[in-house]
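These are my notebook entries on one structure, set down in the order in which I looked things up. I began with single residues and went on from there to the sheet and the pocket.

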Amino acid sequence: MDAARADLLDAAARNNAEWCRTVCRAHGDPGTFGPRAWTSARRTPPYYPDAVTLSGDAEARDVLPGIDRTSPGASVKDSFARLDLAAEGFRLLFEARWIHRPADRPAPAPTDDWRPVRTPEELGEWALAWSGGDPDEAGIFHPALLTDPATTVLAGHGPDGRITGGAVLSDGGTVTGVSNLFTTGGADPSRAWAGALAAVPAGRPVVGYEAGDDLTAALAAGFEELGPLRVWLDA
């Protein structure tokens, strides 16, 4: 991997860790950044890891002492797919690919009305749409997220005003991260990618990660693969 792509991979991992910190901070505990990993000593909200590696030379000793393993379920995002935590009692939960979209690549024109979520009420509607109507999962997205200057929650609206999709943009300074991208009613994900990319500041590379059909949709939207990641679950 050349130096430019290696730098993008580092930036993607850092950006994702910062988004995880933002979510955890909204729930009362931002965790801790170390030289090789971000860790949370308190169990994180569902779908969010208890640790994220920030460097390819991170080892188990950089992440495990900083997380809560008093009960099963802690998870580690191995951003560079270099850890083997099986000997520590973890199992591989899933694998994915980091992606990036070059800054000079034109964004497609959105077909829906995409705009930032501004109020707790709007965030509640967005979260229910994201979760498919599950109020427990919707509770992951705390209203405190709306006060974070690096976070933009986006919602797409159809002609009838209903939410057609959404995404979260995370400002990482040199990159913008995209996460939690979704559509409703079985809509083509290209509609959500168009809406999200249109909101990214001009001249900024876009990063994130996807797997399976979601990765296929991202590549069709102009992204390129950067490298693998793994998520480990403490069994």
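Entry on R42. I looked up the accessibility of R42 in this predicted model, and since its relative accessibility is 42%, which lies between the 20% limit for buried and the 50% limit for exposed, the residue counts as partly exposed. I found R42 in the loop between β2 and β3, and, leaving aside residues up to four places away in sequence, I listed its contacts as H27, G28, D29 and D50. I also took the distance from R42 to H142, which is 100 residues away along the chain, and the two C-alpha atoms are separated by 17 Å.

Entry on L93. I asked next whether L93 is buried, partly exposed or exposed. Its relative accessibility of 40% falls between the same two limits of 20% and 50%, so I entered L93 as partly exposed. L93 belongs to strand β5, and outside the residues up to four places away in sequence it touches V231, W232 and L233. Between the C-alpha atoms of L93 and V76, which are 17 residues apart along the chain, I noted a separation of 9.6 Å.

Entry on backbone angles. I kept in mind that most residues other than glycine have a negative phi. Against that background I wrote down A81, which is not a glycine and yet has a positive phi of about 50 degrees, and N180, likewise not a glycine, with a positive phi of about 55 degrees. A81 sits in the loop between β4 and β5, whereas N180 is placed in strand β9. A81 has a relative accessible area of 16%, and because this is under 20%, I count A81 as buried. For N180 the relative accessibility is 16%, so N180 counts as buried by that cut-off.

Entry on the sheet. I traced an open sheet of 11 strands with mixed pairing, in the order β1-β2-β3-β4-β11-β5-β10-β9-β8-β7-β6. Its edge strands are β1 (32-33) and β6 (113-116), each of which pairs on one side only. Starting from β5, I found 10 bridges to β11, the two strands running antiparallel, with F90 having D234 of β11 as its bridge partner. β5 also pairs with β10 in the antiparallel sense, over five bridges, and there H100 stands opposite V207 of β10. Further along, β8 (residues 163-171) and β9 (residues 176-183) are antiparallel and share six bridges, and the partner of G166 in β9 is F182. I then checked helix α1 (residues 3-26), which lies across several strands, including β1, β5 and β11, and runs at about 115 degrees to β5.

Entry on the largest pocket. Which residues lie nearest the centre of the largest pocket? I noted Y47, F94, W130, N180 and Y209, out of a lining of 40 residues. The pocket holds about 900 Å³ of space, and the largest share of its lining, seven residues, comes from β9, the strand in which I had already placed N180. Sorting the lining by residue type, I recorded 23 nonpolar, 11 polar and six charged residues.

Methods:
Residues numbered from 1 in each chain as written. Predicted model: local features only at pLDDT ≥ 70, side-chain atom pairs only at ≥ 80, totals over all residues. Heavy atoms only, no water. Pairing = 2+ DSSP bridges. Helix = DSSP H or I, 4+ residues; strand = E, 2+ residues; numbered from the N terminus. Contact = heavy atoms within 4.5 Å. Axes fitted to C-alpha atoms, helices over the stretch in contact; angles between N-to-C directions. 1 Å grid on protein atoms, 1.4 Å probe; cavity = no way out; pocket = protein on both sides within 12 Å on 5 of 7 lines; lining within 4 Å. Points joined across faces, edges and corners; volume = space filled by probe spheres on them. Nonpolar A, V, L, I, M, F, W, Y, C, P; charged D, E, K, R; others polar. Buried < 20%, exposed > 50% of the residue type's maximum accessible area, 1.4 Å probe, protein only.
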